[in-house]
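Reader: Got a minute to go through this one with me? I'd like to talk about the metal site and the empty spaces.

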Amino acid sequence: MSAKNSPDIWNLVEAKRETFFALSDRIWEMPELNYEEFRSVAEHAAILEQQGFRVTHGVADIPTAVMGEAGEGGPVIAILGEYDALPGLSQEAGIAEQRPVVPGGNGHGCGHNLLGSGALMAATAVKDYLEAHGLKGRVRYYGCPAEEGGSSKGFMVRAGVFDDVDIAISWHPAPFAGVNNPISLACNEINFHFTGRASHAAASPHLGRSALDAVELMNVGVNYMREHMPSTARIHYAVTDTGGSAPNVVQANATVRYLIRARDLPEMQGLLRRVKKIAEGAALMTETSVRSEIVSGDANLVGNTPLEQLMHRNLERLGPPVFDEQDRAFAAKIQETLTDEDIKSSFARFGLKPRMGVPLCDTIFPPESGDGTLVGSTDVGTVSWVVPTVQMRGATYAIGTPGHSWQLVAQGKAPAAHKGMEHAAKVMAGTAVDLFRDPALIEAAKADFRDRLAGTPFVNPIPDDVDPPIPTKARRAESVAP
Ligand SMILES: [Zn+2]
């Protein structure tokens, strides 16, 4: 597929592997949370500059978002990366026992150190390919913060930063490599604040109006609603403010946070309206008042058949990632800390027959797998409503490793993680190059995108008046301090 004497795309990925393995390891070592990824974004921006991208800092007015562009004219292909970590998952690398680096500290429990570095690795190889072959077109790397509950891509969509993008490509670390059915739920996280009237609970209970009663009645109402909602929907709640710990004071304030998930955006928005009605009913019953505020929201992932087929062809051409005996030995040690159930259900989730004694991915999972079993949410979903989007899974850790676990953090710097990341970068870069070489593929992806969303107007799950929870300067100084 390459012109004479020009390096092909996979060689270009391999040529800079040490740069990106080192980047991933540095990000692993500085785990930062939602919208506090100041050091991580600086690392990504430095590589973008060093590799000759045109860099935009503070994309969408988010200090920890960055964008780098290379190339001229032609279509625009975006490769999306992330670099946020999770709280409470600090863990030493390369060992198969739980041992935090910093007790209670953060850790990369979702592999986003690999996600961002692998996406930037792919974008850099595509840039080098466009230069080497004199091809028209622009490749962009979007460094997107706060995937874990922060919905930054929704804010970035709202700011219009993807408006001139033709195709978006991403990946996520996983136990297996492949392109699965894009199943992720639309969601909204929303706070309900109830306000009543405080009073002495024994001397003058008749003068008090309890906000906590309202929260309890609201939860009862929503629990009754469960019988009458689609079976794929999910509703969870947490009482984040009970109004105090003194039972002899009528609670004047109380807050409950709801997370509402459904198969697609319109269904989720319908459920949200019903939950709001129940909140109003609870306020009416208790003579309190209620105010709600959306915290974050993601749209469901919209699939794209031509893009998924193209990415799968790239995977088949490349084959599964190649791991060695040492990689398998460490993964087997990790598996010893898991249950057989963890391992079996990991195979099943990707449409594969369980095979015990196979610690690492050695096959590409079938493209039709994943129906109804991957029911989380991701902010990549919101991008997929405005740009034809495709996402693959890259095999970077032992089969059976639970998401958001110390075992996942422990494997984040292993040679197998690097190999799985390079493998995903090759598939993403190969997919992008195919799209640049054949504009008809881009047109097919756009036609599929239009068909799927015809008659369903996009309503961003993040309302216009909600701002991302960016930390103040004082907190920022604290988080940057060693
Ligand atoms: Zn993740």
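Author: We can take the metal site, then the pockets, the cavities and one glutamate; keep in mind that this is a predicted model.

Reader: Metal first. Which residues coordinate the zinc ion?

Author: Cys110 through SG, and His112 and His172 through NE2. The distances run from 2.1 to 2.3 Å.

Reader: How are the donor residues spaced in sequence?

Author: The pattern is C-x1-H-x59-H. His112 sits in helix H4, residues 112-133, and His172 in strand S5. Those two are 60 residues apart, so the pair links distant parts of the chain.

Reader: Are His112 and His172 buried or exposed?

Author: Both are buried.

Reader: OK, pockets. What volume does the largest pocket have?

Author: About 1,000 Å³. Its lining has 40 residues. Closest to the centre are Cys110, Gly376, Ser377, Arg393 and His404.

Reader: Cys110 again. What was its role at the zinc ion?

Author: Cys110 coordinates the zinc ion through its SG atom.

Reader: Which elements give two or more residues to the lining of the largest pocket?

Author: Five strands and a helix: S5 (167-174), S6 (186-195), S8 (253-262), S9 (289-298) and S10 (389-395), plus helix H10 (340-349).

Reader: And which gives the most to that lining?

Author: H10, with four residues.

Reader: How do the lining residues of the largest pocket divide by class?

Author: There are 15 nonpolar, 16 polar and nine charged.

Reader: What about the second largest pocket, how much space lies in there?

Author: About 380 Å³. The lining has 22 residues, and nearest the centre are Pro182, Ile183, Arg263, Asn300 and Leu301. By class, that lining has nine nonpolar, eight polar and five charged residues.

Reader: Now the closed spaces. How many cavities of 30 Å³ or more are there?

Author: Three. The largest cavity holds about 110 Å³ of space. Of its 15 lining residues, Asn180, Asn181, Pro182, Leu301 and Gln391 are the closest to its centre.

Reader: Pro182 and Leu301 sound familiar. Where did they come up?

Author: Both are among the residues nearest the centre of the second largest pocket. They are also among those closest to the centre of the largest cavity.

Reader: Which element gives the most to the lining of the largest cavity?

Author: S10, with four residues. The lining as a whole divides into seven nonpolar, six polar and two charged.

Reader: And the second largest cavity, what lines it?

Author: Asp327, Phe330, Ala331, Leu360, Thr396, Tyr397, Gln411, Ala414 and Ala416. Helix H9, residues 325-335, gives the largest share, three residues. Six of the lining residues are nonpolar, two polar and one charged. The space comes to about 40 Å³.

Reader: Last topic, Glu189. Which strand is it found in?

Author: Strand S6. That strand is one of the elements giving two or more residues to the lining of the largest pocket.

Reader: Why does Glu189 count as buried?

Author: Because its relative accessibility is 16%, and the cut-off for buried is under 20%.

Reader: What is Glu189 in contact with, leaving aside its neighbours within four places in sequence?

Author: Gly149, Arg257, Tyr258, Leu259, Glu293, Ile294, Val295 and Ser296.

Methods:
Residues are numbered from 1 along each chain as its sequence is written. This is a predicted model: local features need pLDDT of at least 70, side-chain atom pairs count only at pLDDT 80 or more; totals for chains, interfaces and linings use all residues. Side-chain values use heavy atoms; hydrogens and water are left out. On a 1 Å grid over the protein atoms alone, a cavity is a set of points where a 1.4 Å probe fits but cannot get out, and a pocket is an open set with protein on both sides within 12 Å along at least five of seven lines; lining residues have an atom within 4 Å of a point. Grid points are joined across faces, edges and corners, and a volume is the space filled by probe spheres set on the points. Ala, Val, Leu, Ile, Met, Phe, Trp, Tyr, Cys and Pro count as nonpolar, Asp, Glu, Lys and Arg as charged, and the others, Gly among them, as polar. Donors are N, O and S atoms within 2.8 Å of the metal (3.2 Å for Na, K and Ca); water is not among the atoms, so sites may look incomplete. Buried means under 20% relative accessible area, exposed over 50%, partly exposed in between (1.4 Å probe, protein chains only). Contact means heavy atoms within 4.5 Å.
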